[in-house]
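Subject: Handover of a structure, with notes on what was found

Dear colleague,

I am passing this structure on to you, and since you have not worked with it before, I have set out below what was found in it, one part after another. Please have the sequence and the model open while you read.

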Amino acid sequence: MSSADAIAKGRIAGAYLDLAGHPGQFASIRELREALPGVDLDAILIRMYCAGEVNLIPESAQQTLSEADRRAAVRCGGEDKHWMSWED
């Protein structure tokens, strides 16, 4: 992991905890993007997901998603993921 990725990962961790409240809870990827302008969330979250560091899931009630939620989703494993949790 590059130093830039490590810094971004630290920023993601801080924003995630602010949004989720504590580890293991889900946070909206749209809200995470809003909290971290300029961070390449897609690439970093996909790497973290593949390494088993975070959990990314789609919204089960797709009809409740706003257009902003849909645009903010991370495309991974053939699905749009709208929620993230992190146990770390």
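In what follows, contact means heavy atoms within 4.5 Å of each other, and the packing described below is to be read in that sense. Please also keep in mind throughout that this is a predicted model.

**Helix α1 and its two sides**

A good place to begin is helix α1, which covers residues 3-20 and so counts 18 residues. From its first C-alpha to its last it reaches 25 Å, which is close to the 26 Å expected at 1.5 Å a residue. Its buried residues are A8, K9, I12, A15, Y16 and A20. Seen down the axis of α1, these buried residues fall within an arc of 135 degrees, and they therefore line one face of the helix. As general background, an α-helix has 3.6 residues a turn, so residues three or four places apart point the same way. The face of α1 that is turned away from the buried side carries the exposed residues S3, I7 and D18.

What do the buried residues of α1 pack against? Their partners are β1 (27-28), α2 (29-35), α3 (41-50) and β5 (83-86). After the helix comes G21, whose phi is positive, near 95 degrees.

**The sheet and the helices on it**

The strands β1, β5 and β2 form, in that order, an open sheet of three strands with antiparallel pairing. The edge strands are β1 and β2 (54-57), each of which pairs on one side only. Between β1 and β5 the antiparallel pairing runs over two bridges; S28 has W83 in β5 as its bridge partner, while A27 stands opposite M84 in β5. Between β2 and β5 the pairing is likewise antiparallel and runs over four bridges, and here N55 has S85 in β5 as its bridge partner.

Helix α3 lies across β2 and β5, and it runs at about 110 degrees to β2.

**Two residues of helix α2**

L32 and R33 may be taken together, as L32 has its place in helix α2 and R33 is found in helix α2. Is L32 buried or exposed? With a relative accessibility of 1%, L32 counts as buried, whereas R33, at 22%, counts as partly exposed; the cut-off that applies here is that buried means under 20% relative accessible area.

Leaving aside neighbours within four places in sequence, L32 is in contact with I12, A15, Y16, L19, L41, L45 and M84. The C-alpha atoms of L32 and W83 are separated by 9.5 Å, although these residues are 51 residues apart along the chain. R33, when residues up to four places away in sequence are not counted, touches L41, D42, A72, A73 and V74. The C-alpha atoms of R33 and A15, which are 18 residues apart along the chain, are separated by 9.3 Å.

**Salt bridges**

Side chains of opposite charge can pair when their charged atoms come close. With the rule that a side-chain nitrogen of Lys or Arg must be within 4 Å of a carboxyl oxygen of Asp or Glu, the count comes to seven salt bridges.

R30 takes part in a salt bridge with E31, in which the closest N and O atoms are 3.9 Å apart. R30 is partly exposed, with a relative accessible area of 23%, and E31, at 32% relative accessibility, counts as partly exposed too. R30 also meets E34 in a salt bridge, at 3.1 Å from N to O. Because E34 and R30 are four residues apart in helix α2, they are separated by about one helical turn. E34 itself is exposed, with a relative accessible area of 52%. Salt bridges that share partners join R30, E31, E34 and D69 into one network.

A further salt bridge is formed by the side chains of D80 and R75, at 3.3 Å from N to O, and D80 is partly exposed, with a relative accessible area of 33%.

With best regards

Note on methods. Residues numbered from 1 in each chain as written. Predicted model: local features only at pLDDT ≥ 70, side-chain atom pairs only at ≥ 80, totals over all residues. Heavy atoms only, no water. Expected span 1.5 Å × (residues − 1). Buried < 20%, exposed > 50% of the residue type's maximum accessible area, 1.4 Å probe, protein only. Arc of directions from axis to C-beta. Pairing = 2+ DSSP bridges. Axes fitted to C-alpha atoms, helices over the stretch in contact; angles between N-to-C directions.
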